[in-house]
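User: I'd like to walk through this model with you, one question at a time. Could you show it first?

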Amino acid sequence: MPVKTTENGEFKPLIVAFCCNWCSYAGADLAGTSRLSYPADVKIIRVPCSCRVNPLFILRAFQRGADGVIICGCHPGDCHYTTGNYYARRRMTLLFSMLDYLGIERKRTRVEWVSAAEGVRFSEVMNDFAKHITELGENKKLEDLRCKKSLD
Amino acid sequence: MQEIFGLIKEKAEKLFADGSVNRVLGWKKGETEYDRIPSVFESAEELEEFVYDGFCAANLSKYLIRESREDGKIAVLLKPCDSYSFNQLVKEHRIKRDNIYAIGIDCDGKLDIDKIKAAGVKAIQSIEENGSEVIVHTLYGDKKFNRQDVLLERCLCCKGKDHVSGDEFILAQNRVDTTVKDRFEDVRKLEAMTPDERFEFWRSELSKCIRCNACRNVCPACNCIKCVFDNEDSGVAAKANVDTFEENMFHIIRAFHVAGRCTDCGECSRVCPQHIPLHLLNRKFIKDIDELYGEFKAGADTETKGPLTDYRTGDAEPSLISDRGGSN
Amino acid sequence: MNNELIPHVGVITDIRQDTPDVKTFRVNSLQGGKVFEHKPGQCAMLSIPGVGEAMFSITSSPTNEEYMEFSIKKCGCLTDWLHQLDVGQQITIRGPYGNGFPVDTAFLGKDLLFIAGGIGLAPLRSVINYVRHYRDRYGSVDIVYGSRSADDLVDYKEIIDEWMNEDGFNVYLTIDREQQGWDGHVGFVPNYVKELNFDTSKTVVLCGPPIMIKFTLAGLQEQGFSKTQVFTTMELRMKCGIGKCGRCNIGSKYVCKDGPVFRCDELDELPDEY
Amino acid sequence: MYYKMKVEKLPELYALIASEKALYLPIEQAGAVEFRKWDESSCVRLDCLNTLKSAKGVFLPQSENLVAFKTEGKNISVIDNSETAFPFVIFGVRACDARSFDILDRVFLSDPVDTYYKTRRDNATVVTLACNEPEETCFCRNFGIDAADPAGDASAWIVDGELYVRPNTEKGETFVSRLSQLLEEASDVEKLEAAKQSVRDILGKLPFAELNLDRFKGDNMLDIFHDPAWKSLSESCLGCGTCTYVCPTCQCYDIKDFDTGSGIQRYRTWDSCMFSDFTKTAGGQPRPSQVERFRQRFMHKLVYYPMNNDDIYGCVGCGRCVAKCPVSMNIVKVIKTLGGEKK
């Protein structure tokens, strides 16, 4: 379990970002090479397409200690595989609605479209998302206690 | 249902006699007054044990996945709501339509033995269905119920009395409508709660789950040859309620995997030994799909693309959810 | 109280690549020496925490004072992982489980015939080496061992260097198909056993793939062997190793506790669910 | 020796027991009655005949931690982090569940002993409760169980607004002696005996009161195993674990590892022979279809278990599987069909 508080006791959220290989991951790269800052607690997982993200991945991330999960893909219409992100959009909408229905904070999950050219946007999106998650606090409703307890 | 019971049995006997089928999929009497076992009858003689009454609630269409692959033709009895599952399975190419003779049969709502027992009925000796009345004879005395009060939850918001598929129909003369409420009524009630109330509600319901997997195994939409939860490498504890997270995850993922394919047949809630209202998860998806992507009835036909295998360029953005009003 | 389900930690001190898909692992306790004593034919539960736990037969002889060995074929999740391990890696181990071969009763003073196919040699190796160690307690020893190809013969070096030179030992090797550089016998084990036409007074120990066991046993019976002379060792899915988790039963017998060694006539009295 | 008190004083009794030891009772939560730890806010349901899951979970929890491992480089350290034991009382166990403890004991306390189970068993005082209104699904009578006079460390009855208690063992004596401030000696034992008799009369009238179990013995193992009826019996089986998980005598378990991120937790969970992966190995599957899995479950209860355990059946007739099977296919049907009572 990673430490989630800074030295002065502030909450530092752990964020998992699923980034599509063709747009958003390149966007993140651009943000990096352009020396734009975004929180270091955003862990990027590269996926071939935003529609590769299975609902299980998102729940797994929460189980393993994520406080927020964001999925980034190409803008609708720009998918490398033509239509992947359209399917992802429907799936994620329904999944997020279901999580909301189960009472899980609806702002813990987000989908953003970030192109390879939008380094600035990537950093803005991440900063904004991290801010929201920090406000929400630690993920309690979808936590797995086994991953939080010490074994001895 | 006595009138059509005779007609169905007669029909089944005739099908055996003229050799058009070699098996009939129906229900058999079990050991108690209310036990009805889904059964394959292989001859007219075996039909002795055939039964069709208020307790024949099981949706038989899932058995066709196995049975339609056997030799010969099989006749199946489908209640109106089962015919949706049947269509959906045909659409997904999980059953061999050519090997099946589908008989649509009438239904006047199915009884819920747990509702009867919840009224304190013990040691049942016999149950009499008499029009709008159900009379239960027990060792401790008789008890009379209004039929409508002891119907399965799903029958109170029946999808309709009409079959969406079938090669032949056996219907009663006086058809009873059991619908008393809109099927999204309970979903709306939950939506109107605060997130914390909803969380509490689902936590208390899902914490009852014993992970027997009955909901999955009975579900006609859960027809994967190998379920993701049976995958040793998936790292899920599929056999025990080890943790609140596992309980949530199983039910979220299961509902998601059948979203757009679930016909709302209600079998999951019926078989749940803990009476978890699992249909409320499926109905939420159905309601969302209807509202976001246009009315869609899974299993209404065998051609239309399902909402999750389709898209429109102008679909709603997922931010729609987080922009909803209310707290959080 | 001794807790059966809590394993010991052992360390892999040597790994030998026997065939393309079989490795033999040498396991010692952390202090050196063996983790526990065992009888020939007994098994142990090996595990890599986080991957799983499974039952393996102990292939080294109990007379080996220094270490235990396990010959493991790569065929599933845990075995895949085991094959990736290096020397020095610790694993967990518990046991010994099972009844083992009746080396002190039914085998005593008998002429022994060992028949093995493929990785089926693994459980027999401990008995064969045990018999070598107590050579005077047993009669002659014949070993028929077959495999898919010459490369798939497990413990080939030990067979050639030691077993073949042992007094009173006859070793017959066979492979399924012709192969360059192989001048030994070619053919399936059941047929080879028939060809060899052994004396029917021998006590037989048989292990291999189910199909080989089936045909070899039929062949032996044809030649006049009785099932009471034939011993085999079984394997089924196991979780506890102590007859409680309930999955390795053949009828009323648990393979982990009442087996894995069965006399073939005992198996006839049980349902054929293995 | 019988003791008694007014039923109205039950909350006081619970509080008194709970002041010394943990107390498990049939408690309703979200509509489901299970044996749970009692506290003042609990909704106790002594009237509930069968809890959904049986009482076995108190001794063999559906999931429990066995041992943990920490790995560092090539090294492994073993951490024993199983729960610490504490003495407890389980109150309100029905006669059938009480018998199931004996059946589980023969598995878990036979050599080698299952430490986790034994510790809980040693720490427990089992107080049973006689049945007043048996249901049509009850068939405990067939296994020589008297629902009107249950076993256990102490037995209890509720008759005419009064709770009667009778200690049966040393543990039971201790239990009763600690409650002396609430209990008084009962002099009207005739009333209790009459009540027992009337329950026995009902038990005899239940539909499954007389099952023919003659065929189920070791000598017939292969005969029953190869009975063609298994195919038709199992055809409706969904392969779910409902019957197994509600059963008081099903004891099969699985051992699994969970990676917590900071180490490996090895835990055990109930398992079901009805599940398709129960016997599956990389090398093959000895029970490839539901016919074999279904057969295994009932063969184990009715033939294999008695063969290994002095002819005691591995079923106690609690009727949970009869009530809960999604397709109404249950052990009574199996007994009747294979036992020759019906074809």
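Analyst: Happy to! One definition to begin with: the expected span of a helix is 1.5 Å times one less than its number of residues. Please keep in mind that this is a predicted model.

User: Then what span should helix α2 of chain D have, and how far apart are its end C-alpha atoms?

Analyst: Helix α2(D) runs over residues 95–108, which makes 14 residues. At 1.5 Å a residue it should span 20 Å. The distance between its end C-alpha atoms agrees with that, at 20 Å.

User: Is α2(D) mostly covered or mostly open, and how many of its residues are buried?

Analyst: A residue is called buried if 20 or more other C-beta atoms lie within 10 Å of its own. Among the residues of α2(D) that are buried are Cys96(D), Phe101(D), Leu104(D) and Phe108(D), and the charged pair Asp97(D) and Arg99(D) is on that list too. The helix is mostly covered, and its buried residues number 11 of 14.

User: Which elements do the buried residues of α2(D) pack against?

Analyst: The partners all belong to chain D and include one helix, α3 (115–123). The others are strands, so named in the model, and the full set is β7 (88–93), α3 (115–123) and β8 (124–129).

User: Which strands pair with β10 of chain D, and in what sense?

Analyst: Strand β10(D) covers residues 162–167, and 5 of its 6 residues are buried. With β1(D), residues 3–6, there are 4 bridges, and Met5(D) stands opposite Leu163(D). With β9(D), residues 154–159, there are 6 bridges, and Ala156(D) stands opposite Val165(D). The partners are therefore β1(D) and β9(D), both antiparallel by the bridges that DSSP finds.

User: Which residue takes a positive phi in the hairpin of β9(D) and β10(D)?

Analyst: The hairpin has 2 residues between the strands. The phi in question is near 50 degrees, and the residue that takes it is Asp160(D).

User: Turning to chain B, what radius of gyration does it have, and what would a compact globule have?

Analyst: Chain B has 328 residues, for which a compact globule would have a radius of gyration near 20 Å. Its C-alpha atoms fill a box of roughly 60 × 50 × 40 Å along the principal axes. The value for chain B agrees with the globule rule, at 21 Å.

User: How many residues does each side give to the contact between domain 1 and domain 2 of chain B?

Analyst: The assignment gives domain 1 as 1–110 + 158–181, domain 2 as 113–150 and domain 3 as 182–328. The centres of domain 1 and domain 2 of chain B are 25 Å apart. The contact takes 7 residues from domain 1 and 6 residues from domain 2.

User: Which element gives the most to the side of chain A that touches chain B?

Analyst: Here 35 residues of chain A are in contact with 32 residues of chain B. The elements giving two or more residues on the chain A side are α2 (55–63), α3 (84–101) and β4 (109–113). That side divides into 17 nonpolar, 6 polar and 12 charged residues. With 14 residues, the top contributor is α3(A).

User: Last one: which two chains share the most contacts?

Analyst: Chains A and C are ruled out, as no contact joins them and their closest C-alpha atoms lie 14 Å apart. Among the 5 pairs of chains that touch, the most contacts are between chains B and D.

Terms used
Residues are numbered from 1 along each chain as its sequence is written. Chains are lettered from A and ligands numbered from 1 in the order in which they are written. This is a predicted model: local features need pLDDT of at least 70, side-chain atom pairs count only at pLDDT 80 or more; totals for chains, interfaces and linings use all residues. A residue is buried if 20 or more other C-beta atoms lie within 10 Å of its own, exposed if 12 or fewer, and partly exposed in between; C-beta atoms are placed from the backbone. Domain bounds come from an automatic or database domain assignment. The radius of gyration is taken over C-alpha atoms; the globule rule is 2.2 Å times the number of residues to the power 0.38.
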